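Thanks for coming. I will keep this short and go through one chain, a few places at a time.

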Amino acid sequence: MEHHQRIFLLHGLLGSIVSVRVEGAERIPAQGGVLLICNHSDLIDPLLQGLYSGRDLSYLAKAELIDGNPLRRFRRFVERAQKSGVPALVVGILTEVLELFTQMLRDAKILPIIRAYRSGRAASSMEYYNEVIANVVLLLNEVDAVAMYPEGGRSFDGKLKPFRGLAARIAIQAQVPVVPCALVGAHGFSDLNRWVSGRRTSQRSILYKIGEPIQPDSIVDSDSREQKEQIKSLTQQLHGAVNELLDQRPARPTRAERRPRATKSKSKSQSKSKSKPKSKPVSNSKSEPESNAKPATTRRRKRKSAK
């Protein structure tokens, strides 16, 4: 099966499970080197980007992908789905996706990187990462599109984690535009419990949002402090751009937020006044005599005068 045929078939298979919408696809340059950065909250993220970005992507990914661990996990996932009572139609689709994904992984350009690489000498670690950066820059200069996830790993709660500076450093050295992307609704898609329990109905739609390209400033002296500040500033800018894409959908206001504060306090005071009516003061004739009552000495004098 040819590569374009596999892409077409994957589109159909994935479309039968989940609805994927794309916003801003025209913002990805049709040609030339470009770096795509995206949030990473589910195993399906690279597949979605590869299918809906409109370009063949190379990936900067963890070295574990090369030894086939994700494929083994995906195969176990399909087996567990079959044993857990997932409908046969869904299991069949997942099996087809597994076979196609296996072939696509073999065809894809994956640049492996050992995360948290440590060697005996600090200089050796620096040389390793410099070599990785040089390989990515070489691909970008060969007008390739490279996708990477600056968080450095998956976010298991779906929230955007802080970015590492590797993506900014690559973009500055390669002098290529960086396109911020965001996958909304993909978190938990590969969770088998959601499929078995039927909660997948709440995640039938995934939105792939693509932002405006960001052109990094010209590189400064590589041995100066300004370059570190330049990398830090661009990293914060990229994080803010992705975070803005994720937060673009306004959250539903709570009941307390919909109710004005002044009205709330007014209603409280009114309810208190209704629930607690003013009680009339109880007069005590023994302890508090009335003001019009005559003193006892005056009454005695009148009795003596009458006699």
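What follows is a walk through salt bridges, a charged patch, one helix, an aromatic pair and two unusual loop residues. Please keep in mind that this is a predicted model.

Let me start with the salt bridges. How many salt bridges are there? The count comes to 2. One of them joins Glu212 and Arg27, and the closest N and O atoms in that pair are 3.3 Å apart. Where do the partners sit? Glu212 is in the loop between strand 7 (205–210) and helix 8 (225–246), while Arg27 is in the loop between strand 1 (19–23) and strand 2 (34–38), so this salt bridge ties together parts that are 185 residues apart in sequence. Arg27 has a relative accessible area of 30%, and it counts as partly exposed.

The other pair is Glu23 with Arg21, where the closest N and O atoms are 3.9 Å apart. The cut-off for a salt bridge is within 4 Å, so this pair qualifies at 3.9 Å. Both partners are partly exposed: Glu23 has a relative accessible area of 36%, and Arg21 has 39%.

Next, the charge on the surface. Four arginines, Arg72, Arg73, Arg75 and Arg76, gather there in a positively charged patch. Take Arg76 as an example. Arg76 belongs to helix 3, which covers residues 69–83. Is Arg76 buried, partly exposed or exposed? Its relative accessible area is 46%, which makes Arg76 partly exposed because exposed would need over 50%.

Now helix 2, residues 45–52. This helix is mostly covered, with 6 of its 8 residues buried. Which ones are they? The buried residues are Asp45, Leu47, Leu48, Gln49, Leu51 and Tyr52. Gly50 is also in helix 2, but Gly50 counts as partly exposed, since its relative accessibility is 23% and buried means under 20%. The C-alpha atom of Gly50 is 9.0 Å from that of Ala147, although the two residues are 97 positions apart along the chain. After helix 2 comes Gly54, which has a positive phi near 85°.

On to the aromatic side chains. A search of the whole structure turns up 1 aromatic pair. The pair is Tyr128 and Tyr129, with ring centres 5.2 Å apart and planes at 70°, so it is edge-to-face. Tyr128 itself is buried, at 18% relative accessible area.

Last, backbone angles. Gly54 had a positive phi, but which residues other than glycine have one? Val143 is one of them, with a phi of about 55°. Val143 sits in the loop that runs between helix 5 (122–141) and strand 5 (145–148). Gln175 is another, and its phi is near 55°. The loop that holds Gln175 lies between helix 6 (166–174) and strand 6 (178–184). Gln175 is partly exposed, with a relative accessible area of 31%.

To recap, if you look at one contact again, I would pick Glu212 with Arg27, the salt bridge that joins parts 185 residues apart in sequence. For a surface view, turn to the patch of positive charge at Arg72, Arg73, Arg75 and Arg76. For a covered element, go to helix 2, where 6 of 8 residues are buried. That is what I have.

Terms used. Residues are numbered from 1 along each chain as its sequence is written. This is a predicted model: local features need pLDDT of at least 70, side-chain atom pairs count only at pLDDT 80 or more; totals for chains, interfaces and linings use all residues. Side-chain values use heavy atoms; hydrogens and water are left out. Patches are made of residues with over 30% relative accessible area and no salt bridge: like charges are joined within 9 Å, nonpolar side chains (Val, Leu, Ile, Met, Phe, Trp, Tyr) within 5 Å. Accessible areas come from the Shrake-Rupley method with a 1.4 Å probe; for residues, only the protein chains shown count as cover. A salt bridge is a side-chain nitrogen of Lys or Arg within 4 Å of a carboxyl oxygen of Asp or Glu. Lys and Arg count as positive and Asp and Glu as negative; His and the chain ends are not counted. The place of a charge is taken as NZ of Lys, CZ of Arg, CG of Asp or CD of Glu. Helices (H or I, at least four residues) and strands (E, at least two) are DSSP runs, numbered from the N terminus. Buried means under 20% relative accessible area, exposed over 50%, partly exposed in between (1.4 Å probe, protein chains only). Rings of Phe, Tyr and Trp (its six-membered ring) pair if their centres lie within 6.5 Å; planes under 30 degrees apart count as stacked, over 60 as edge-to-face and the rest as tilted.
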